[in-house]
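Work through the following exercises with the sequence and the structure in view, and try each task before reading its solution.

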Amino acid sequence: MHFAELLLIAVGLSMDAFAVSVCKGLSVKRLRPRHALLAGLYFGGFQFLMPLLGWLLGYRFEELITSVDHWIAFVLLSLIGGNMIRESFSEDEELNDDFGVKTMLLLAIATSIDALAVGITFAFLAVNILPAAGTIGVTTFLLSVAGIYIGRAFGAKYKAGAERVGGCILILIGLKILLEHLGILTF
């Protein structure tokens with residue numbers, strides 16, 4: 001996997017955390033640098049850990065699934081991306097200015113479940129997991145920190161758009177993997 005592809009996946013996976021960070025920035029009455037740092041550490045940390053866990057699961061079952069790995073990657077990335085796009089049209093999200101451990105832990109887990117599935121896909125594609133997980137974690141950290149400040153400055157205006165872009169990126173990467181494995185697309 002090329003770095004550009006990995007970076008696109010990282011950005012796509014980061015969009016949920018970015019959107020939540022925007023909402024957190026919008027909800028905070030008095031924004032402090034620690035708010036941005038906490039969001040970055042929680043979201044970036046879990047986006048680093050979840051692909052590792054997924055990769056370990058996928059690696060364990062690789063022999064059973066090698067012949068259909070490209071279909072699994074396509075389906076997982078398409079489902080994740082489609083779900084992100086669907087959620088972007090929902091108005092259900094409430095604003096919460098709590099940065100406590102319980103709240104942030106739950107948000108970090110919720111926004112990183114997709115990264116677990118991507119980690120499984122990485123195992124099937126024989127991706128070097130540590131640099132991949134690191135790229136995803138750092139990208140999410142940076143976008144989460146930025147999201148806090150963007151949320152404070154611009155409000156919820158860009159939340160839905162960010163989720164839609166992230167979903168489209170993941171679907172397109174899944175399609176590219178499938179077309180490459182089927183021999184339709186070669187690079």
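Helices here are DSSP runs of H or I with at least four residues, numbered from the N terminus. The model is a predicted one.

**Exercise 1.** Find where Trp 71 and Phe 74 lie, and work out how their rings are arranged.

*Solution.* Begin with the position: both Trp 71 and Phe 74 belong to helix H4, which covers residues 69-88, and they are 3 residues apart, about one turn of the helix. Next comes the geometry, for which planes over 60 degrees apart count as edge-to-face. The ring centres of Trp 71 and Phe 74 are 6.4 Å apart and the planes stand at 85°, so this pair is edge-to-face.

**Exercise 2.** Decide whether Trp 71 and Phe 74 are buried, partly exposed or exposed.

*Solution.* The partly exposed class lies between 20% and 50% relative accessible area. Trp 71 has a value of 40% and is therefore partly exposed. Phe 74, at 21%, also counts as partly exposed.

**Exercise 3.** Describe the surroundings of Gly 44, starting from its helix.

*Solution.* Gly 44 is found in helix H2, and because buried means under 20%, its relative accessibility of 6% makes Gly 44 buried. Leaving aside residues up to four places away in sequence, Gly 44 touches Ala 39, Gly 137, Thr 140 and Phe 141. Finally, compare sequence with space: Gly 44 and Thr 135 are separated by 91 residues in sequence, while their C-alpha atoms are 9.7 Å apart.

Technical notes
Residues are numbered from 1 along each chain as its sequence is written. This is a predicted model: local features need pLDDT of at least 70, side-chain atom pairs count only at pLDDT 80 or more; totals for chains, interfaces and linings use all residues. Side-chain values use heavy atoms; hydrogens and water are left out. Rings of Phe, Tyr and Trp (its six-membered ring) pair if their centres lie within 6.5 Å; planes under 30 degrees apart count as stacked, over 60 as edge-to-face and the rest as tilted. Helices (H or I, at least four residues) and strands (E, at least two) are DSSP runs, numbered from the N terminus. Buried means under 20% relative accessible area, exposed over 50%, partly exposed in between (1.4 Å probe, protein chains only). Contact means heavy atoms within 4.5 Å.
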